[in-house]
Amino acid sequence: MKISKRLIEISNFIEDNTNILDVGCDHALLDIYLFENKKNVKIIASDIKEGPLEQAKKNISKFKYPIKVKLGSGVDPIEEDIDTVVISGMGADTMIDILQNGKDKLKNVKKMILSPQSEWKKIRECVVSLGFYIEDEKLIEDNNKYYLIIKVAKGIKKYSNKELAYGPILLENKSQDFRMFYEKELLEKRNILTKISKYKIGKRRLIKRKIKELERLVKE
Ligand SMILES: C[S@@+](CC[C@H](N)C(=O)[O-])C[C@H]1O[C@@H](n2cnc3c(N)ncnc32)[C@H](O)[C@@H]1O
């Protein structure tokens with residue numbers, strides 16, 4: 001089974017001997033790949049929509065793998081023995097809704113692998129408020145797009161504002177992809193500044209502050 005670099009990177013965060021719920025599985029390609037490449041995993045592939053779930057069923061049936069397929073919103077399809085939840089390819093607000101509405105259902109969950117499309121700081125703040133800490137994270141480039149993957153585990157840890165914004169582990173390593181992503185953001189912000197009228201003093205001040213922050217981030 002061939003899958004994208006992004007999905008392979010997500011699978012690298014998932015451990016052997018786990019019971020997994022994949023929320024918003026869509027085609028279930030990740031789940032098929034996990035079944036083929038991880039040892040002793042139980043997998044539930046779930047989605048809120050019938051259409052993607054039908055596609056998931058079709059893909060899974062080609063291989064006859066015992067991957068359970070369940071219709072449902074967020075973590076509703078969870079079962080008692082699920083210890084790992086994967087949520088990827090969704091906007092931050094959808095992901096935060098899923099996590100906050102499902103917090104009672106997450107009581108037996110030990111780890112979550114999250115790959116939000118946007119607003120990474122909000123996601124980090126949300127998982128920390130739900131009693132998880134950031135065990136690992138990676139910022140990757142795939143097909144000219146950047147993706148964040150965060151692995152969180154149950155436990156309490158305090159983070160600075162900077163760590164929540166840029167990632168405590170990403171800041172320690174500052175990979176090439178990390179630098180490229182924030183250099184690109186820096187260029188975008190400089191470009192935006194050239195377009196803001198000199199009379200919009202407050203707006204200019206905010207963007208200049210962000211530019212300084214990004215300059216420090218990529219230089220350090
Ligand atoms: C862009 S696809 C991502 C598929 C896959 N997880 C990936 O990363 O490639 C998003 C999927 O999430 C599903 N989805 C959106 N909101 C959801 C929710 N609240 N609960 C479950 N699934 C949801 C959509 O129906 C869609 O199939």
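Here a biologist asks a modeller about a predicted model of a protein chain with a ligand.

Biologist: Let's start broad: what domains does the domain assignment give the protein chain?

Modeller: This is a predicted model, so keep that in mind as we go. Taken over C-alpha atoms, the centres of the two domains are separated by 33 Å. The assignment itself gives domain 1 (5–158) and domain 2 (178–219).

Biologist: In what order do the seven strands of the open sheet come?

Modeller: The pairing in this sheet is mixed. On average, neighbouring strands are turned by 15 degrees against each other, direction ignored. Reading across, the order is S3-S2-S1-S4-S5-S7-S6.

Biologist: And which are the edge strands?

Modeller: Look for strands that pair on one side only. S3 is joined to S2 by four bridges, and these two run parallel. At S6, ten bridges lead to strand S7 (residues 145–154), running antiparallel. The edge strands are strand S3 (68–71) and strand S6 (132–142).

Biologist: Staying with S2 and S3, which residue in S3 does alanine 45 stand opposite?

Modeller: S2 and S3 run parallel, with four bridges between them. Opposite alanine 45, in S3, stands valine 69.

Biologist: Which residue in S7 is the bridge partner of leucine 139?

Modeller: S6 and S7 run antiparallel and share ten bridges. One of the pairs with a partner in S7 is aspartate 142 with lysine 145. For leucine 139, the bridge partner in S7 is leucine 148.

Biologist: What phi does asparagine 143 take in the hairpin of S6 and S7?

Modeller: That hairpin has two residues between the strands. In general, most residues other than glycine have a negative phi. Asparagine 143 takes a positive phi, near 55 degrees.

Biologist: Which residue in S7 is the bridge partner of lysine 111?

Modeller: S7 is also joined to S5, by four bridges. Those two strands run antiparallel. The partner of lysine 111 in S7 is alanine 153.

Biologist: Now the helices: at what angle does helix H3 run to S3?

Modeller: There are two helices to look at here. H2 lies across strand S1 (19–23) and S2, running at about 175 degrees to S2. Helix H3 (residues 50–63) lies across S2 and S3, and its angle to S3 is about 170 degrees.

Biologist: Is asparagine 40 buried or exposed?

Modeller: Asparagine 40 sits in the loop between helix H2 (29–37) and strand S2 (42–47). Its phi is positive, about 55 degrees, although it is not a glycine. It has 8 other C-beta atoms within 10 Å, and 12 or fewer is the cut-off, so asparagine 40 is exposed.

Biologist: How does glutamate 119 count, given 15 other C-beta atoms within 10 Å?

Modeller: Glutamate 119 is in the loop between strand S5 (111–116) and helix H5 (120–129). Its phi is positive too, near 50 degrees. The buried cut-off is 20 or more and the exposed one 12 or fewer, so with 15 glutamate 119 is partly exposed.

Biologist: Which residues is tyrosine 65 in contact with, leaving aside its neighbours within four places in sequence?

Modeller: Tyrosine 65 lies in the loop between H3 and S3. With 15 C-beta neighbours inside 10 Å, it counts as partly exposed. Lysine 38 is 27 residues away from it in sequence and 13 Å away in space, C-alpha to C-alpha. The contacts of tyrosine 65 are Ile32, Phe35 and Ile60.

Biologist: On to the ligand: which residues around it come nearest?

Modeller: The shell has 15 residues. By class, six are nonpolar, six polar and three charged. Those nearest to the ligand are Gly24, Asp26, Ile48, Ser88 and Gly89.

Biologist: Which element supplies the largest share of that shell?

Modeller: Strand S4 (84–90) and helix H4 (92–101) each supply at least two residues. The largest share is three residues, and it comes from S4.

Biologist: Last one: why does serine 88 count as buried?

Modeller: Serine 88 is found in strand S4. It touches Ile10, Leu114 and Ser115, not counting residues up to four places away in sequence. Leucine 148 is 60 residues away from serine 88 in sequence but 9.6 Å away in space, C-alpha to C-alpha. The cut-off is 20 or more C-beta atoms within 10 Å, so serine 88 counts as buried because its number of C-beta neighbours is 21.

Definitions and conventions
Residues numbered from 1 in each chain as written. Predicted model: local features only at pLDDT ≥ 70, side-chain atom pairs only at ≥ 80, totals over all residues. Near = placed C-beta within 6 Å. Nonpolar A, V, L, I, M, F, W, Y, C, P; charged D, E, K, R; others polar. Pairing = 2+ DSSP bridges. Axes fitted to C-alpha atoms, helices over the stretch in contact; angles between N-to-C directions. Contact = placed C-beta atoms within 7 Å. Domains from an automatic or database assignment.
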